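Reader: Hi! I have a model open on my screen and would love to walk through it with you. Could you take a look?

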Amino acid sequence: MSDEVWGLFDDDGLVGVGRKVTGDRRTVGEVDLAVRYLGLELPTPVVASASPINSDPRVWPELQAAGVGAVVLPSLFEEQLEEESRQADELFGLASDTNPEATAGYFPVLTAYNHGLQRYLDTITAAKRALQIPVIASLNGVTPGGWTGYARELADAGADAIELNVYRVAADPAFDAAAVEAETLAVVEAVVAACDVPVAVKLSPYWSALANFAVRLVEAGAAGLVMFNRFYQPDIDVEALRVGPRLVLSTSQELRLPLRWSALLHGRVDASIGLSTGVHEPDDVVKALAAGADVAMTTSALLHHGPAHAGVLVSGLRRWLADHGYDGASQLTGAMSQRAVTDPAAFERANYLEEITTAARSFRR
Ligand SMILES: Cc1cc2nc3c(=O)[nH]c(=O)nc-3n(C[C@H](O)[C@H](O)[C@H](O)COP(=O)(O)O)c2cc1C
């Protein structure tokens with residue numbers, strides 16, 4: 001077997017050629033799909049990314065049978081944890097009150113207190129019992145605070161890793177980029193310090209100097225980067241003149257942004273890369289790995305087609321690897337990363353210039 005160059009994305013004219021393994025075709029049974037992600041052994045690189053269906057015990061056996069490599073639970077939110085912490089303080093305040101009437105306040109407070117965190121911890125424990133694959137808990141928050149300490153409880157409940165979603169809209173003009181980055185790094189450091197399982201940071205694509213920030217996140221202790229979180233932008237109802245959320249699932253078209261950043265950061269950060277957004281078809285998984293992601297994560301496709309669709313992704317990947325002479329999935333990782341391709345500029349500004357000039361030619365009368 002030898003390495004040679006190839007051009008996976010030539011149809012789109014996206015990049016030049018990259019590294020290809022040339023060997024004889026394999027049978028699908030010969031292909032090893034196992035990968036390492038966040039230091040964990042995953043049986044396949046297809047991961048069910050955070051979404052509400054992943055906390056449904058009826059869905060777990062379906063996901064596992066379909067061959068997903070890991071399951072990410074939906075997030076626990078900073079706001080939720082801060083509120084629970086406030087209620088717990090209130091509860092302790094009441095506990096020292098000897099007035100029997102005060103005890104009447106315990107029960108609703110306690111019920112609310114257990115609803116979020118405790119139920120989440122129970123879900124982790126149940127998922128760990130039901131599944132043989134890693135279970136990743138998710139925390140969603142952006143400001144340093146006591147809530148970050150709850151990461152330890154998630155790990156103690158059995159989570160194999162924690163995914164920290166640092167979703168924020170930097171809408172305050174007084175809060176500059178350096179301050180946003182510093183605050184986010186402080187949150188990452190606090191979560192990493194609070195627990196002894198690996199922590200992945202789920203990012204938005206809107207950081208002004210993402211490559212630099214990615215390196216600093218890893219220095220702050222992140223074992224992995226998940227690119228990217230997908231935003232549900234508010235829409236305006238023009239009849240009711242109301243602003244509200246409108247959930248639209250992704251399509252494969254949205255794969256290109258995380259693909260580009262996986263290709264840019266592969267080999268440049270000492271951390272795992274999870275690609276999230278736009279993974280719908282087996283080819284999307286192939287592209288994700290070739291670009292440099294260690295795992296391809298999917299939510300919209302599973303919501304749209306059902307959890308069993310993960311099996312289509314896994315078997316499609318296996319078939320592609322066998323047909324192209326690969327022994328395993330990890331051999332493909334980064335084969336089309338920026339460092340591997342013959343035209344690295346294609347992942348940067350050059351690609352943009354080429355696309356607009358090509359488009360201008362085709363739209364000319
Ligand atoms: C209904 C729904 C709920 C989601 N909930 C979470 C969540 O709790 N935490 C999180 O980090 N991401 C959440 N996500 C984002 C997904 O994990 C994923 O990053 C995003 O949908 C992009 O991937 P996709 O193109 O495969 O859908 C959610 C997505 C959807 C559609």
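Author: Happy to! This is a predicted model. Let's start with S7, helix H5 (residues 150–156) and S8, which make a right-handed β-α-β unit.

Reader: Nice. How many bridges join S7 to strand S8?

Author: Five, and S7 and S8 (residues 161–165) run parallel. For one pair to click on, Ala-137 has Ile-162 in S8 as its bridge partner.

Reader: And what about S6 and S7, how many bridges there?

Author: Five bridges join S6 to S7, and these strands run parallel. Val-72 stands opposite Ile-136 in S7.

Reader: Is S7 mostly covered or mostly open?

Author: Mostly covered: six of its six residues are buried. Val-135, Ala-137 and Leu-139 point one way, while Ile-136, Ser-138 and Asn-140 point the other way. In a regular strand the side chains alternate between the two faces of the sheet.

Reader: Zooming out a bit, which strands close into the barrel, and in what order?

Author: There are eight, in the order S5-S6-S7-S8-S9-S10-S13-S14, with parallel pairing. From one strand to the next, the twist averages 25°.

Reader: Let's go round to S10. How many bridges join S9 to it?

Author: Four bridges join strand S9 (residues 199–203) to S10, and the two run parallel. Within that pairing, Ala-200 stands opposite Gly-224 in S10. S10 also pairs with S13 in the parallel sense, over four bridges. There, Leu-225 stands opposite Ile-273 in S13.

Reader: Which way do the S13 residues point?

Author: Ser-272, Gly-274 and Ser-276 point one way, and Ile-273 and Leu-275 the other; all are buried. On to S14: three bridges join S13 to strand S14 (residues 295–298), which run parallel, and Gly-274 has Val-295 as its bridge partner in S14. The chain crosses from S13 through H9 to S14, and this β-α-β crossover is right-handed.

Reader: I see a helix lying across there too. Which strands does H8 lie across?

Author: H8 lies across S10 and S13, running at about 170° to S13.

Reader: How many residues of H8 are buried?

Author: Eight of its ten residues (the helix covers 256–265), so H8 counts as mostly covered by the cut-off of 20 or more other C-beta atoms within 10 Å. Among the buried ones are Trp-261, Leu-264 and Leu-265, and Arg-260 is buried as well.

Reader: What do those buried residues pack against?

Author: They pack against helix H7 (210–219), strand S10 (224–227), strand S13 (272–276) and helix H9 (282–291). Right after H8 comes Gly-267, whose phi is positive, near 80°.

Reader: Since you mention phi, which residue in the loop between S13 and H9 has a positive value?

Author: Thr-277 has a positive phi of about 110° although it is not a glycine, and Thr-277 lies in that loop between S13 and H9. Leu-241 also has a positive phi, near 45°, without being a glycine. Leu-241 lies in the loop between S11 and strand S12 (242–245).

Reader: Why does Thr-277 count as buried?

Author: Because Thr-277 has 25 other C-beta atoms within 10 Å, and 20 or more is what it takes.

Reader: And Leu-241, buried or exposed?

Author: Exposed, because Leu-241 has 7 other C-beta atoms within 10 Å, and the limit for exposed is 12 or fewer.

Reader: Where is the cis peptide bond?

Author: The cis bond joins Met-227 and Phe-228, with omega about 5°. Phe-228 sits in the loop between S10 and strand S11 (234–237).

Reader: Switching to the ligand: which residues come nearest?

Author: Of the 22 residues around the ligand, Ala-50, Ser-75, Ser-250, Thr-299 and Ser-300 come nearest.

Reader: What classes make up that shell?

Author: The shell around the ligand has six nonpolar, 14 polar and two charged residues. Strand S6 (70–77), strand S7 (135–140) and helix H10 (300–305) each supply at least two of them. The largest share, three residues, comes from H10.

Reader: Last one, for my notes: how many helices and strands does the chain have?

Author: It has 13 helices and 14 strands. Of the 365 residues of the chain, 41% count as buried.

How values were computed:
Residues are numbered from 1 along each chain as its sequence is written. This is a predicted model: local features need pLDDT of at least 70, side-chain atom pairs count only at pLDDT 80 or more; totals for chains, interfaces and linings use all residues. Two residues are in contact if their C-beta atoms, placed from the backbone, lie within 7 Å. A residue is near a molecule or strand if its C-beta atom, placed from the backbone, lies within 6 Å of it. Ala, Val, Leu, Ile, Met, Phe, Trp, Tyr, Cys and Pro count as nonpolar, Asp, Glu, Lys and Arg as charged, and the others, Gly among them, as polar. Two strands pair if DSSP finds at least two bridges between them. Axes are lines fitted to C-alpha atoms, for helices over the stretch in contact, and angles run from 0 to 180 degrees between N-to-C directions. A crossover is right-handed if, with the strands pointing away from the viewer, the path from the first strand over the helix to the second runs clockwise.
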